[in-house]
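Here is a short report on charged side chains and strand pairing. Please look over the sequence and the model before reading on.

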Amino acid sequence: MEHATAGPAPCEAPSRRLTDLAVQALAERARLRIDNARAVWTPIVRGAEACGLLLSLYGPRRLLLTAILDVESRELWCYDSRGLRYQRVPLADKTGAGD
């Protein structure tokens, strides 16, 4: 029987400002009202280290929009409901990415 090992290194929760920026970018593309959406951040792990965050924005009628925060390059990549990347947003330190 294998023993459970420690999970990946935790990734810091994104700031409210970064969450608002990402949600706004996704909502504008889909013409989605933000009050009709639910945002969930999930860590992306490479090896044993968190290397990014996946934002899943759930809207009405099973709409799913996503964005990936690459913590190394400090960029936010936005994807539409078909999974096509349509925008890359370089992040300034003031957004609170990883803060």
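## Charges and strands

Arginine 29 lies over the face of tyrosine 86, 4.2 Å from the ring centre. A charge sits over a ring if NZ of Lys or CZ of Arg is within 6 Å of the ring centre and within 35 degrees of the ring normal. Arginine 85 places its charged end over the ring of tryptophan 77, at 5.3 Å from the centre.

This is a predicted model: local features need pLDDT of at least 70, side-chain atom pairs count only at pLDDT 80 or more, and totals for chains, interfaces and linings use all residues. Residues are numbered from 1 along each chain as its sequence is written, and side-chain values use heavy atoms, with hydrogens and water left out.

Four salt bridges are present (a side-chain nitrogen of Lys or Arg within 4 Å of a carboxyl oxygen of Asp or Glu). Among them are these:

| Arginine | Acidic partner | Closest N and O atoms |
|---|---|---|
| Arginine 33 | Aspartate 35 | 2.9 Å |
| Arginine 88 | Glutamate 75 | 3.0 Å |
| Arginine 82 | Aspartate 80 | 3.0 Å |

Arginine 88 in strand E5 (residues 85–90) and glutamate 75 in strand E4 (residues 75–79) are 13 residues apart. Strands are DSSP runs (E, at least two residues), numbered from the N terminus.

Buried means under 20% relative accessible area, exposed over 50% (1.4 Å probe, protein chains only). Arginine 88 is exposed at 53%; glutamate 75 is buried at 14%. Arginine 82 is exposed at 63%, whereas aspartate 80 is buried at 8%. Arginine 33 and aspartate 35 are both exposed.

Notes: Helices (H or I, at least four residues) and strands (E, at least two) are DSSP runs, numbered from the N terminus.
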